[in-house]
Amino acid sequence: MKTNQTVEELKDLLPENQIVTDDEALYDASADRYKKYPKSKNVLDVPKPLAIVYPHSPQEVKSLLMYCNEHLINVIPRSGKTGTEGGLENWKQKTIVIDGSKMNEIIDIDTYNMQATVQSGVKLQTLEDELRKVGYTTGHSPQSKPVAQLGGLVATRSIGQFSTLYGAMEDMLVGLECVFPEGNISKIKNVPRRSGGPDIRHIALGNEGALCYITEVTVKIFKYTPENNEFHGYLIEDMETGISILREVMVNGYRPSVARCYSEEDARNHFGHFYEGKCVLIFMAEGAKGIVKATSEAIDEAVEKFQSGIVKQVDSSLIEDWFNNLNWDQSKIDAEIEEMVKHDKHDGFTTEISADWENVIKIYNNVMARVKSEFDRVEDLTMLGGHSSHSYLNGTNMYFVYNYEINCAPEDELLVYHHPIHQIIIEETLKQGGSMCHHHGIGKYRSEWTKEEHGSAYYMLEKLKEAFDPNGIMNHGTIFPQPNEVKKYIRG
């Protein structure tokens, strides 16, 4: 099927003003923030999609998916454009991007049943603003909050900065509506819990557009009591001390909304005005007054237990100020693009993993040692560190953070710098039994390790793809490995 013919036939499904074929927009839609630097330099090496389409309803999504399924056209679901792992990148000549941002109605805010229902294109910040007017919150606050949309947050199994208290998207999600390639519109009802077989929410939750298209979402809401918030900050000797204190708080049954430990390098990046060359440990307790009081006392007790690793306490106002300026909006994204275009530098990359308490510090130390000894551009590194920012009863995550001077052609930057470090982190994580992806998802650039991540359980994941997307039109290359297409990104 010719390009022009496809676009013309799309006009039979949608009004012409819902179809975009502008060359600049198509170039932008051909990759996400994984390839931010080569993208800014106009040297992307992937095909542009044929069109970007903007459905206004689940029925229009159904028509689009059925058309693409019949004609074997690859579909990239998009909602918010904040992906970082290549999930929005196009690997097929025949592709359309289905953008949900026009499905942006807040359907219901139900403060009695403590839930809100929205169409998938509603921005998280928009919903949060409406909730706060009546004294509630989603409890969900990723850095992308000002621009992220609910459909994308569910599709990528998102997590927010306050997850240690409120949970991640799988804890917040009540019900949803999604559309499958063969045209079935499935709506999962909103109930607090049920035992009606496997939890079918999880077929759509975290599917990254590789199985279905999410059109509606219902999430829990919580009372918003910022007047009760208490902040705690400490300079500490090492990451081991910080991880030990995080564990002490969690296994004793307390849930601060924020519990974070930063390495020296990462602390320099965030807390340069007070870190004094040390690691930084921070907490925030929130909720009802009694809960905040008890949580703060538990933090004090944990810190006291590991007092030998504490350098000093930090003024709580410094921690509060930092939190109030943590999120990035479109202006910050645009500023980074300008830095890349004009000055050949960006804000760096992250690779986030998770592991149990016993192994997370082993992974961190092993990664630091291997990068410093094996990475052949180590002299170009301007930052190499990490932080733990989401903790659980049985373990925590580790965000590896790194940046470098770019001394190569823009089209080679990922292969020369990012991917070798990325690979070391994933290898060491899997070696210690951790998960190679804590919340950014697999996308296309961790898919080469998907089978190793899941082991014998990959059978279950593979059967979902066969069942729900038998023609393989949904987001080709995302989650599910395509060895012949990703091989060029493997070292050696």
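**Exercise 1. Place arginine 260 and describe its surroundings.**

Step 1: Look for the element. Arginine 260 sits in strand β13 (residues 258–262); helices (H or I, at least four residues) and strands (E, at least two) are DSSP runs, numbered from the N terminus. A quick note before going on: this is a predicted model, where local features need pLDDT of at least 70 and side-chain atom pairs count only at pLDDT 80 or more, while totals for chains, interfaces and linings use all residues. Residues are numbered from 1 along each chain as its sequence is written, and side-chain values use heavy atoms, with hydrogens and water left out.

Step 2: Check burial and charge. Arginine 260 is buried but has no salt bridge. Here buried means under 20% relative accessible area, exposed over 50%, and partly exposed in between (1.4 Å probe, protein chains only). A salt bridge needs a side-chain nitrogen of Lys or Arg within 4 Å of a carboxyl oxygen of Asp or Glu. The nearest side chain of opposite charge, aspartate 266, is 7.5 Å away (Lys and Arg count as positive, Asp and Glu as negative; His and the chain ends are not counted).

Step 3: Find a polar partner. The side chains of arginine 260 and tyrosine 262 share a polar contact of 2.6 Å. That term covers a pair of N or O atoms within 3.5 Å; within protein, one must be able to donate a hydrogen and the other to accept it, and residues adjacent in sequence count only if both atoms are side-chain atoms.

Step 4: List contacts (heavy atoms within 4.5 Å). Leaving aside neighbours within four places in sequence, arginine 260 touches residues including Gln161, Trp322, His387 and Ser389.

**Exercise 2. Work out which residues of helix α5 are buried, and how they are arranged.**

Step 1: Helix α5 covers residues 124–133, and its buried residues are Leu124, Leu127, Glu128 and Leu131.

Step 2: Seen down the axis of α5, these buried residues fall within an arc of 100°, so they line one face of the helix. The arc is that of the directions from the helix axis to the C-beta atoms.

Step 3: Now for the cover. Among the elements over the buried residues of α5 are β5 (106–110), β6 (115–119) and α6 (150–155).

Step 4: After α5 comes glycine 135, with a positive phi near 85°.

**Exercise 3. Is tyrosine 399 buried or exposed, and which residues does tyrosine 399 contact?**

Step 1: UniProt lists Tyr399 under "active site" in an unreviewed entry; annotations may be inferred rather than shown by experiment, feature names are shortened, and positions are given in the numbering used here.

Step 2: Tyrosine 399 lies in strand β19 (residues 395–404) and counts as buried because its relative accessibility is 13%.

Step 3: Not counting neighbours within four places in sequence, the contacts of tyrosine 399 include Glu352, His387, His439 and His440.

**Exercise 4. Sort some salt bridges by what they link.**

Step 1: The count comes to 32 salt bridges.

Step 2: Lysine 81 and aspartate 28 meet at 2.8 Å, N to O. Lysine 81 is in the loop between β3 (74–78) and β4 (95–99) and aspartate 28 in helix α2 (residues 23–28), so the pair ties together parts 53 residues apart in sequence.

Step 3: Arginine 78 and aspartate 99 pair at 2.7 Å, N to O, and both are buried.

Step 4: Glutamate 338 bridges to lysine 342, with the closest N and O atoms 2.8 Å apart. Being 4 residues apart in helix α14 (residues 330–343), they are separated by about one helical turn.
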